[in-house]
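Please open the structure in your viewer and keep the sequence beside it. The tour below proposes a series of selections and states what is found at each.

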Amino acid sequence: MIYQEGYVYHIKDEYFEKVQDSRLMQNKENGTYRPTFYCLRDEKTSLLWMVPLSTRIEKFRAIHDKQVQKYGRCLTIVLGEFDGREAAFLLQNMFPVREYYLDHIHTRNNNPVPVKHSIHREISTNMKRLRQLHARGKKVVFPDIARLERIMLAELQEQNSN
């Protein structure tokens, strides 16, 4: 699958089986492809960073608002609209993958559904800040992204040496 910026994807089960991280939001709830993931490329490593979407908007709005009240902003949850519905983009659950693990792009009536540019910008900015905090040893996301990134980079290196 070829990655296109600004869209939402579904991930192959193979990824979750490989990395075995219980803190990742798992694939397929009730036989459907869920969750969906917004995707951004890391230009330095070429890995794709996946941000799960949730339609449980009230739950995440409460967490978002509490963070804003306490810190003046919320880096870990971006609220916005996707595919005609309110959605929470959960940067607190982000993780890296190789392009190989993209299963398919999210579509409506066989057309890929884009994410609004303003939401893309906010996610991109927040992700950079969160990764900087993580690099300084702060626990800002639930999955073990350092371990996941090492696994994906090792796969990339192996792929490139073949």
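**A tour of the core and one helix**

Begin by selecting Tyr 38 in this predicted model. Leaving aside residues up to four places away in sequence, Tyr 38 touches Gly 6, Tyr 7, Val 8, Trp 49, Met 50, Val 51, Leu 53, Phe 89, Val 115, His 120 and Ile 123.

Next, add Val 51, Phe 82, Phe 89, Ile 123 and Met 127 to the selection. Together with Tyr 38, these residues touch the most other members of the largest nonpolar core, which has 23 residues. Now colour the elements that give two or more residues to this core: strand 2 (37-41), strand 3 (48-54), strand 4 (77-82), strand 5 (85-90) and helix 3 (117-135). Helix 3 supplies the largest share, five residues. Another core, of 20 residues, lies apart from this one; Tyr 9, Ile 11, Val 19 and Phe 95 are among its members. In soluble globular proteins, nonpolar side chains tend to be buried together.

Turn now to helix 2, residues 57-71. At 1.5 Å a residue, its 15 residues should span 21 Å, and the end C-alpha atoms are 20 Å apart, which agrees.

Which residues of helix 2 are buried? Select Ile 57, Phe 60 and His 64, which are buried in this helix. Viewed down the axis of helix 2, its buried residues fall within an arc of 75°, so they line one face of the helix. These buried residues pack against strand 3, strand 4 and strand 5. On the other side of helix 2, select Glu 58, Lys 66, Gln 69 and Lys 70, which are exposed.

Finish at Gly 72, which follows helix 2 and has a positive phi, near 90°.

How values were computed. Residues numbered from 1 in each chain as written. Predicted model: local features only at pLDDT ≥ 70, side-chain atom pairs only at ≥ 80, totals over all residues. Heavy atoms only, no water. Core = buried A, V, L, I, M, F, W, Y, C linked by side-chain atoms within 4.5 Å. Buried < 20%, exposed > 50% of the residue type's maximum accessible area, 1.4 Å probe, protein only. Helix = DSSP H or I, 4+ residues; strand = E, 2+ residues; numbered from the N terminus. Contact = heavy atoms within 4.5 Å. Expected span 1.5 Å × (residues − 1). Arc of directions from axis to C-beta.
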